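Work through these short exercises with the structure open beside you. Try each task before you read its solution.

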Amino acid sequence: MLFNSIEFAIFLPIVFLLYWFVFDYALRRCKRQLWWQNLFVLAASYVFYGWWDWKFLLLIALTTLCSYGSGLLIAREEPNRTGGGNSSQRSYKKFWLWANVLLNLGILGVFKYYDFFVESFARLLGVDAETHLLHLVLPVGISFYTFQALSYSIDVYKGKIAATRDLVAFAAFLSFFPQLVAGPIERATNLLPQFQQRRVFDYQQAVDGMRQILWGLFKKIVVADNCATYVDTVFGSIGEQSGSTLALAAVLFTFQIYGDFSGYSDIAIGTAKLFGIRLMRNFNVPYFSRDIAEFWRRWHISLTTWFRDYVYIPLGGSRPDIPLHARHPEAYKKAIVVRNTFVIFLLSGFWHGANWTFVLWGAYHALLFLPLILTGKNRKYMDAPTWRDLPKILLTFSLVVFGWIIFRAESISQFAEYVQGICNASLFSLPIKKKLFLKCMGVTIVMLVVEWLNRKEVHTLAKVPKNSFLRFALYYVIFTLIFFFTGENQTFIYFQF
């Protein structure tokens, strides 16, 4: 079920009314009122997810049961954490953690990467791989809820959160429909406690959520969907396009993927607010970044921080332990930092899909990030940008655009063809489909201006005019743009990841 579909427009009000008027108000005196409310959220989430294919429910149910069980088994070994008991008893805690990690990553690997590796090895060996391929359909959102489940097990193991015995609350946390298929990737420490306590309807929070949904829909169906039509046309006929058309299409894809993914996040976060749930921020105007390090603090924040906390820091981060016997401590430290940086960026790229272009995209950003972290300048920009930062913003934006060409290309060879096409002699010719191009640029400029003016806010429409006339005039303008400039309906890009 898509956020920008008629089905969701019907689904959301029904769930909202039942949630507050039946499973909150009507059952308020019931001792198990919270349990029933969580059960309803779980049922609604499974209906939402099963709308694509009911078979997907079997996988998320398996992930839920395994992660829930591993948490209890890890917690059972908790007394041994301080050193009590024998070593074989202490090892079970780590065993249950790794059992769940390997099981979940194994499921993800089979569905997402098995065919890719088989084809890659077959191509390397020069043999036919067809008989060994599984051709499995990738379940929507599997990368997102798998990482969310893993974070729970790891946090229980580290003692950051207590293992829950409430299976319904845990299942609702893992399958909460607003963020189920494309994030944000929530931590159990933030989201699970919200399902373990009674939610109270907050009118102001709900209104704020509706504003965030409205802006998310604008970014998705006006900016992203219009840009998608232009970008798909250009990428489908690279050899026929001029250099300027290819360059402009790369810029439009940059705004397409932002409008698409951040639009989804806005809708998800806004929808969660309607149910008294707060999700973490996932985007913070990333295209106003002044260097690549700042870009990665502002882009897909939930995934970036996930890799930081669960991979980068455990590997030693930027402050690794230096062995006493190391002859050149500083060189050793820099080598570890280089390794850790490449590990998280390559993993981040590979997380996006089974294609060497994603790995190359990760390596490209690692190369851009390395000079900053090695010189200690990766946290140089922590405040909001100003007009004086425009040259740095444009330089960083250009580097990001080039990276998105790698990301969008279907193969390394197509990427090479695209870059070669940009550099050809027809660089300064007029773009194709001029009306569509001007439409895309017009709505993109509107988005950028509004987000720039509100770049210090929690989300773009968090602060609206207090004057009722001006406030509703703003809503009217956005609704009008959505109504008259809606692009061709497109599925969300990150559903494929």
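The exercises below treat a predicted model, and each one ends in a worked solution.

**Exercise 1. The overall fold**

Find how many helices and strands the protein chain has, then judge its compactness from the radius of gyration.

*Solution.*
- Step 1: Count the elements. The protein chain has 17 helices and zero strands.
- Step 2: Take the radius of gyration, which is 24 Å.
- Step 3: Set that beside the globule rule. For 497 residues the rule gives 23 Å, and the two values are close, so the chain is as compact as a globular protein of that length.
- Step 4: Add the extents. The C-alpha trace spans about 75 × 70 × 55 Å along its principal axes.

**Exercise 2. Two crossing helices**

Decide how helix H8 and helix H9 are oriented: roughly parallel or roughly antiparallel?

*Solution.*
- Step 1: Locate the pair. Helix H8 covers residues 203-235, and helix H9 covers residues 243-274.
- Step 2: Read the geometry. Their axes come within 6 Å and cross at roughly 155 degrees.
- Step 3: Apply the cut-off. Angles over 145 degrees count as roughly antiparallel, so H8 is roughly antiparallel to H9.
- Step 4: Give the hand. The crossing of H8 and H9 is left-handed.
- Step 5: Sort the contact by class. The contact of H8 with H9 has 21 nonpolar, eleven polar and six charged residues.

**Exercise 3. The largest pocket**

Describe the largest pocket by its volume, its lining and the elements that supply the lining.

*Solution.*
- Step 1: State the volume. The largest pocket has about 790 Å³.
- Step 2: Go to the lining. It holds 28 residues, and those nearest the centre of the pocket are Arg308, Tyr312, Phe369, Ile373 and Asn378.
- Step 3: Name the elements. Helices H10 (292-298), H11 (301-312), H12 (329-351) and H13 (356-374) each give two or more residues to this lining.
- Step 4: Sort by class. The lining of the largest pocket divides into 13 nonpolar, eight polar and seven charged residues.

**Exercise 4. The second largest pocket**

Which element gives the largest share of the lining of the second largest pocket?

*Solution.*
- Step 1: Start with the volume, about 610 Å³ for the second largest pocket.
- Step 2: Count the lining. It has 21 residues, with Val101, Leu105, Trp306, Tyr310 and Val311 nearest the centre of the pocket.
- Step 3: List the candidates. H4 (87-125), H5 (142-158), H11 and H12 each supply at least two residues.
- Step 4: Pick the winner. H4 gives the largest share, eight residues.
- Step 5: Sort by class. The lining of the second largest pocket has 18 nonpolar, one polar and two charged residues.

**Exercise 5. The cavities**

Find how many cavities of 30 Å³ or more the structure holds, and describe the lining of each.

*Solution.*
- Step 1: Recall the idea. Rolling a probe the size of a water molecule over the atoms shows where empty space is left.
- Step 2: Count. The structure holds two cavities of 30 Å³ or more.
- Step 3: Take the largest cavity, with about 140 Å³ of space. Its lining has 19 residues, and Asp266, Arg281, Phe283, Val458 and His459 are the closest to its centre.
- Step 4: Find the source. H8 and H9 each give two or more residues to the lining of the largest cavity, and H9 has the largest share, five residues.
- Step 5: Sort by class. The lining of the largest cavity has five nonpolar, eight polar and six charged residues.
- Step 6: Turn to the second largest cavity, with about 30 Å³. Tyr258, Val285, Pro286, Tyr287, Phe288, Leu448 and Glu451 line it. By class, they are six nonpolar, no polar and one charged.

Methods:
Residues numbered from 1 in each chain as written. Predicted model: local features only at pLDDT ≥ 70, side-chain atom pairs only at ≥ 80, totals over all residues. Heavy atoms only, no water. 1 Å grid on protein atoms, 1.4 Å probe; cavity = no way out; pocket = protein on both sides within 12 Å on 5 of 7 lines; lining within 4 Å. Points joined across faces, edges and corners; volume = space filled by probe spheres on them. Helix = DSSP H or I, 4+ residues; strand = E, 2+ residues; numbered from the N terminus. Nonpolar A, V, L, I, M, F, W, Y, C, P; charged D, E, K, R; others polar. Axes fitted to C-alpha atoms, helices over the stretch in contact; angles between N-to-C directions. Parallel < 35°, antiparallel > 145°, perpendicular 65-115°, else oblique. Left-handed = near helix turned anticlockwise from the far one by under 90°. Rg over C-alpha atoms; globule rule 2.2 N^0.38 Å.
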